[in-house]
Amino acid sequence: MTRKSGEQGSAAVAFTFAAFLVLFTVATVYLFVAKIWWFPPAISQFGTQIDDQFHRTLVITGIIFVLAQLGLALAIFRSRDHGQKATFFEGNSTMEFLWTLATIIMFVGLGLFGEHAWAEAHFQGAAAGAIQVEVTGQQFAWNFRYAGPDGKFGGTKPELVSASSGNPLGLDPRDPASKDDVVSPVMYAPAGHEVELLIRTQDVTHSFFVRELRLKQDAVPGMTIHMHFDALDPGQYEIACAELCGLGHYRMRSFLNVVSQEEFDKWMRDQETALQQQ
Amino acid sequence: MPGTITDEIEIIDAGHGGGTDVPAGGDDDGEGSGGGSPEMPQRAYFTVIQLGLAGIIMFFMALTSSFLVRKGLGNDWVAFSFPRILWVNTLILLASSITIQMARRHLHEDQKAAFQRWWAVTTSLGILFLAGQLMAWRQLAGQGVFLVTNPSSSFFYVLTAAHGLHLLGGVLALFYVSHRNWQRSRMSQVTATDVASIYWHFMDGLWVFLFALLYLGR
Amino acid sequence: MVTHEGGGHHHAPSGFIRKYIFSLDHKVIGIQYYMLALFSVFLGMALSLLMRIHLVWPSLKFPLIPGGLMTPEQYLALVTMHGSIMVFMVLTTAPQSGFGNYMLPIQIGAEDMAFPVLNMLSFWITFVSLVVLTSAFFVTGGAPISGWTAYPPLSAMGEITGPGEGMGQTLWVVGVAIFCIASLLGALNFITTTVDLRAKGMTLGRMPLTVWAWLVTAILGLLAFGVLLAACLLLLLDRLAGTSFFIPGGLVVTDTPIVSHTGGSPLLWQHLFWFFGHPEVYIAILPGMGVASHVLSTFSRKPVFGYKAMVGALGAIGFLGFCVWGHHMFISGMSPYSAFAFSLLTMTIGVPSAIKTFNWLGTVWGGKIQFTTAMMFALGFVSLFVTGGLSGLFLAQPSIDLYLHDTYFVVAHFHLIMGVAAIFGIFSATYFWFPKMFGRMLNETIGKIHFWFTFVGVYCIFMPMHFLGIAGHPRRYADTTGVNFLAPLHPVHYFITIAAMITITAQLLFLFNFFYSMKKGDKATENPWNATTLEWSIPSPPPFDNFAGHVPVVYRGPYEFSVPGAPDDYIPQHLTPERVGKAH
């Protein structure tokens, strides 16, 4: 076997391998730094926190990535067979201990650091005075319900669900609270005002995802899951489904329109007026 | 050139079955009687049955935790009337554990006929248990309690069916032990009875656990 | 010399059926598993190729599809079957049941597995599960569309949730359940053999790391597959018997209220599935880690760096692997407090993985590298494992997973770790052990070309997917025209598809090399690699009972390379002390 991997062949392969690893590392780092395909800008403070944690993680993993790949390249190149004897060592307990400790501190530390943002998303509920929006996913559309002036969501019945007759949520007309419920295929939210989402689904599991909010939550049958956000920047943001829900999963798309408080109030008034005219 | 086995391999005699460093039991157990080539230590059968039981435990633990989760979830868990025959079945199974121990003792003392008798009693008790389980199902069905009636009944049927199937396997194993020609096997008869007994006792204990779960959680 | 009389076990099998079909020989069974995996990987690759082509050229017409255009449900059926076939029929078979079956008994000095009949049954039950699984393609409605994860209620309510959810989904559940049984039986054999059938002198501390990896993997399989079996049973009952383990009440599917189910929990399935599913991915990678350690040491002519730490790391990964399943469920609606706990445990599992990586580097460092194809795949494994593992650090944090969950970032992560690193483990093992198994050498030139196309190719396929994920591209989208923010990502998809086409085509080189060399390769000697473990002390290919009636005795550890003062740069495990230092 040693015949086949003489010094000549060894050097060429070693060099190519090491060179590829170096090139690959450089290209990868470049692409992550250049951010050609990247997150859209965050539109909430929460989103900014997520981005900060992402960057922290990126820096740490980036350093490890570069060191490991270049270390491998160096090991490959230096240890190629150029007539030397291999150095016999079976381990090094000190090094083993040190890099284990370093890894524990780095990984667990990183994890603990990121918990704050998670706590804010999940351990705390929405702020007082938040506008409640009930988000209902179904195969293959989203519907958004606002409680209207009475501040109460009316009752719904599964038997009454009929998208074709304009009652996708199955609102019960005999419940007075449902008379003023606004149901819309797109969501409106006022900028700078906390919104509380009540996420549910009619059929299978879906997932409510808005990139700019850095928010994603599965809509699970049998559950109503609460999330909250405070969008600061007006604009139109796409809502995509992020949990496989059937053949239309790819086109289960809606929009979140973040508008000024006045525009939001106007939109609500227009919706209420349309309801009364029905 | 080093590496060819015929030059360097030290040939050892037929006494050893495994590595020098192996825990628990050391060499071939003193289960002398008949069968088993030296390279196949009887200890391996004990290893495999314990491993098998570990796998079975995980299966039943998954069902048990599903039971507990489902029960704690909503308010649609409805109690049903626990068929009384289940108490009788439990006693039958417990009795069979006693009879299987008696059979084992007779085999260890080389009393083959006594062994076969008590073994047959055990097998019969096992079959009686399974028949009793089927009767419990019939009683429930008579009350209108079926698989889909309620989650509590769903789990009842699933758990008793799963246990019953495993016990049926045990019954078949008992038949196998009493009818196999042990002269022509790698496994010794004593090992086979001991291993089958371990499985049987486990099925007994598992039933007691499931019985408690189903009764207390009904 | 003393030879043994034995029972019927010692006689060589005769007749075609006994030798090649219903063989009790672990070597034949190992090859049978390998062939099953080989067929499955090409099937899985073909499915993914169709997916990639459709994503980039959606108006392309495919033969055999009525009307020619691939429908979204057909795409999702491809997604489901690609994942299921690759995970179960390739990654759970070849590294463990394939190579493990062949090499484990030999490496520990045994004549065969502890229970050859059980072993044969394990293979044939696996074969049946493959047949049942793939038959889903051919029934009305086609293959299921719920992904390899089969989340209910999508997977639990039959055809009303979508095409393929009728008979196709049922066959999937049954096929997977059968696979569970086969895996459980296989695990019994592996563990018992390792515990009880080691040759004299083969202490636990002298076992090759491949054996340790197979042992830990088998323990994982033993404890995990029973849970999946239970889950499949409950899902089957929900589908066919009308129970409500996973289906809550009050559902309305396409304006039709579902009144027959109530009170179940979709999350219950997720917990059961991922309790199995996470150990499963370690089952897929651990044997590759064992092979990497083994091959890196052999072709660096150096001992494995930190053997004990490597064993400890295998055990730690195995144990922790049972504690982290919730990281697949951060966004599922599970308690956010348990998410926190799962997150910390998941970050912790990165530690033994990092230890292994350092030790691989330490093994190569200061060595005298022989660039055989097996070695190159092992080196590639290290690079891929680092890349794939590091993306896990992002996903392990729920705050970041909030965004990245169910995007292409996850697809990149698990493909690099499973679909590539684990595959590289299989390739490395193939190039390493082919001479032993078939008595002939694989062509090294073709092997190196195969390596370069594959190594460069897989990075070209899967690195860009990280950026798709960061841009927010969700998974399992049959079409990229339904959502506006995907439009700028089309060039990336295009690049990935081209890379995939080239890389998949390059695998034909491997296929050719494999079957051609089986017949026409250079004849292999007993120990073409100058390696140390017991398989290299017997002929290539080995006799039916491995050691020709002799029982080997082991005198030293498995990685005695370049020992100072030794006459050769390797000392085989079985060499008696007097023979070391003897001129030859």
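Q: In this predicted model, are α7(C) and α8(C) roughly parallel or roughly antiparallel to each other?
A: Start with the geometry: the axes of α7 (residues 209-240) and α8 (residues 266-300) of chain C come within 8 Å and cross at roughly 160°. Angles over 145 degrees count as roughly antiparallel. That cut-off settles it, so α7(C) and α8(C) are roughly antiparallel.

Q: Which hand does the crossing of α7(C) and α8(C) have, and how many nonpolar residues does their contact hold?
A: Take the hand to begin with: α7(C) and α8(C) cross in a left-handed way. Now sort the residues of this contact by class. One is charged and six are polar, while the nonpolar count is 25.

Q: Are α2(A) and α10(C) roughly parallel or roughly antiparallel to each other?
A: Here we have a pair from two chains: α2 is residues 45-78 of chain A, and α10 is residues 336-364 of chain C. Their axes are 9 Å apart, and the packing angle is about 20°. Angles under 35 degrees count as roughly parallel. Therefore α2(A) and α10(C) are roughly parallel.

Q: Which residues of α10(C) make the contact with α2(A)?
A: Helix α2(A) passes α10(C) in a left-handed crossing. On the chain A side, the contact is made by A68(A), G71(A), L72(A), A75(A) and I76(A). By class, the α2(A) and α10(C) contact has no charged residues, two polar ones and six nonpolar ones. The partners on α10(C) are T357(C), L361(C) and V364(C).

Q: Of the two pairs of chains in contact, which shares the most contacts?
A: Let's rule one pair out: chain A and chain B do not touch, and their nearest C-alpha atoms are 10 Å apart. Two pairs of chains are in contact, and the one sharing the most contacts is chains A and C.

Q: Which element gives the largest share of the side of chain A that touches chain C?
A: The contact takes 98 residues from chain C and 91 residues from chain A. Several elements of chain A each supply at least two residues to that side, among them α1 (7-34), α2 and the strand β9 (235-241). The largest share is 16 residues, and the element behind it is α3(A).

Q: How many charged residues does the side of chain A that touches chain C have?
A: Again, it's a matter of sorting by class. The nonpolar group on this side of chain A has 46 residues and the polar group has 29. The charged group has 16.

Q: How far apart do the C-alpha centres of domain 1 and domain 2 of chain A lie?
A: The domain assignment splits chain A into domain 1 (7-82 + 90-123) and domain 2 (131-276). Nine residues from domain 1 and 10 residues from domain 2 take part in the contact between these domains of chain A. On the domain 1 side, seven of the residues are nonpolar, two are polar and none are charged. As for the C-alpha centres of the two domains of chain A, they lie apart by 40 Å.

Q: Which element gives the most to the side of domain 1 of chain C that touches domain 2 of chain C?
A: In chain C, the C-alpha centres of domain 1 and domain 2 lie 19 Å apart. The contact pairs 21 residues of domain 1 with 21 residues of domain 2. Elements giving two or more residues to the domain 1 side are α2 (26-56), α3 (72-91) and α4 (93-107) of chain C. With seven residues, the one that gives the most is α2(C).

Q: What distance does α14(C) reach from its first C-alpha to its last?
A: Helix α14 (residues 444-470) of chain C has 27 residues. At 1.5 Å a residue, the expected reach is 39 Å, and the model's value is close to that. From the first C-alpha to the last, α14(C) reaches 39 Å.

Q: Which residue comes just before F140(A) across a cis peptide bond?
A: Most peptide bonds are trans. F140(A) is in the loop between β1 (131-138) and β2 (141-146) of chain A. With omega near 0°, the bond into F140(A) is cis, and it comes from Q139(A).

Q: What is the phi of D255(C)?
A: Most residues other than glycine have a negative phi. D255(C) sits in the loop between β1 (252-253) and β2 (256-257) of chain C. Its phi is positive, although D255(C) is not a glycine, with a value near 65°.

Definitions and conventions: Residues are numbered from 1 along each chain as its sequence is written. Chains are lettered from A and ligands numbered from 1 in the order in which they are written. This is a predicted model: local features need pLDDT of at least 70, side-chain atom pairs count only at pLDDT 80 or more; totals for chains, interfaces and linings use all residues. Axes are lines fitted to C-alpha atoms, for helices over the stretch in contact, and angles run from 0 to 180 degrees between N-to-C directions. Helices (H or I, at least four residues) and strands (E, at least two) are DSSP runs, numbered from the N terminus. Angles under 35 degrees count as roughly parallel, over 145 as roughly antiparallel, 65 to 115 as roughly perpendicular and the rest as oblique. A crossing is left-handed if the near helix is turned anticlockwise from the far one by less than a right angle, and right-handed if clockwise. Two residues are in contact if their C-beta atoms, placed from the backbone, lie within 7 Å. Ala, Val, Leu, Ile, Met, Phe, Trp, Tyr, Cys and Pro count as nonpolar, Asp, Glu, Lys and Arg as charged, and the others, Gly among them, as polar. The expected span of a helix is 1.5 Å times one less than its number of residues. Domain bounds come from an automatic or database domain assignment.
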